[in-house]
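I opened this notebook to record what I looked up in one structure, entry by entry. I wanted to go from the overall build to single residues.

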Amino acid sequence: MNRAVKSNYISSLVMTFLVAFVGSLRAEDTLVEKVDSVTPGKIFHVTSAYQPQRPGFMSMHVGYLTLTSVTNEDVYIVGVSSPDYQAVSIHRSFQMDGAYQMESVGELKISAGERVSLEPGGMHLMLYEPLKQRKEGDVTTIVFTLCDGQSLSFEMPVVSA
């Protein structure tokens with residue numbers, strides 16, 4: 001990897017970190033609208049889903065939401081994708097030795113009757129390489145794949161940061 005590409009890659013990672021931890025601290029202020037939809041089969045509710053708008057030069061974006069189980073069985077999300085991005089994953093942010101770090105979450109368990117929040121400073125969606133510029137008012141489709149192979153989708157609005 002040449003120096004310029006490596007520098008841009010590192011800058012992008014640093015910006016993503018800052019977006020996830022600093023740029024979204026006013027998340028409650030940016031909730032212009034909430035998506036309150038029930039997924040097919042009534043497995044869980046998706047609420048308060050939103051994606052802060054990011055500058056066009058950023059290739060990684062974030063998404064936040066709350067999942068509430070409405071079934072008597074545990075639900076396992078084993079994959080996530082979007083037709084609007086090259087790739088999507090669930091990440092968990094944590095602090096270790098005074099520094100913030102992120103790691104990919106391979107499988108997300110939602111226990112029966114429980115609520116899981118993907119929020120600034122904790123778990124969140126990482127959205128890689130938008131297929132077109134995302135701006136306020138756009139809607140991003142997110143698709144969760146469950147351990148039984150079932151796919152469930154919902155829409156997440158892009159809001160002003």
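The entries below follow the order in which I looked things up.

**Entry 1, overall build.** I noted at the outset that this is a predicted model. I then went through the secondary structure of the protein chain and found 1 helix and 11 strands, and, reading from the N terminus, I wrote the order of elements down as α-β-β-β-β-β-β-β-β-β-β-β. Of the 161 residues in the chain, 41% count as buried, and the chain exposes about 8,600 Å², of which carbon and sulfur atoms supply 50%. I also looked up how far apart in sequence the contacting residues are: among contacts with a separation of 6 or more, 68% are between residues 24 or more positions apart.

**Entry 2, strand β10 and its partners.** I turned next to strand β10, which covers residues 139-146 and is joined to strand β4, residues 75-81, by 4 bridges, with the two strands running antiparallel. In that pairing I found G79 standing opposite T145 of β10. Strand β10 is also joined to strand β11, residues 151-159, by 7 bridges, and here too the strands run antiparallel; on this side T140 stands opposite M156 of β11. The hairpin made by β10 and β11 has 4 residues between the strands, and I noted that G149 takes a positive phi near 95° in it.

**Entry 3, aromatic pairs.** For the rings I kept in mind that a pair is described by the distance of the centres and the angle of the planes. My search of the whole structure gave 3 aromatic pairs. In one of them, the rings of F44 and F144 have centres 6.2 Å apart and planes at 70°, so I entered the pair as edge-to-face, since planes over 60 degrees apart count that way. Because F44 lies in strand β2, residues 44-52, and F144 in strand β10, the pair ties together parts that are 100 residues apart in sequence. I checked the exposure of both residues: F44 is buried, with a relative accessible area of 0%, and F144 also counts as buried, at 0% relative accessibility.

In another pair, the rings of Y50 and Y64 have centres 5.3 Å apart and planes at 45°, so this pair is tilted. It links distant parts of the chain, with Y50 in strand β2 and Y64 in strand β3, residues 60-69, 14 residues apart. Y50 counts as buried at 4% relative accessibility, and Y64 is buried as well, with a relative accessible area of 1%. I closed the entry with the cluster, where F44 and F144 come together with F154 in one aromatic group.

**Entry 4, positive phi outside glycine.** Which residues other than glycine would show a positive phi? I looked because most residues other than glycine have a negative phi. D97 has a phi near 55°, and I placed D97 in the loop between β5 (85-96) and β6 (99-104). E129, which is not a glycine either, has a positive phi of about 55°, but its place is in strand β9, residues 123-130.

Are these two residues buried or exposed? D97 counts as exposed, at 79% relative accessibility, because anything over 50% falls in that class. E129, at 42% relative accessibility, counts as partly exposed.

How values were computed:
Residues are numbered from 1 along each chain as its sequence is written. This is a predicted model: local features need pLDDT of at least 70, side-chain atom pairs count only at pLDDT 80 or more; totals for chains, interfaces and linings use all residues. Side-chain values use heavy atoms; hydrogens and water are left out. Two strands pair if DSSP finds at least two bridges between them. Buried means under 20% relative accessible area, exposed over 50%, partly exposed in between (1.4 Å probe, protein chains only). Contact means heavy atoms within 4.5 Å. Accessible areas come from the Shrake-Rupley method with a 1.4 Å probe; for residues, only the protein chains shown count as cover. Rings of Phe, Tyr and Trp (its six-membered ring) pair if their centres lie within 6.5 Å; planes under 30 degrees apart count as stacked, over 60 as edge-to-face and the rest as tilted.
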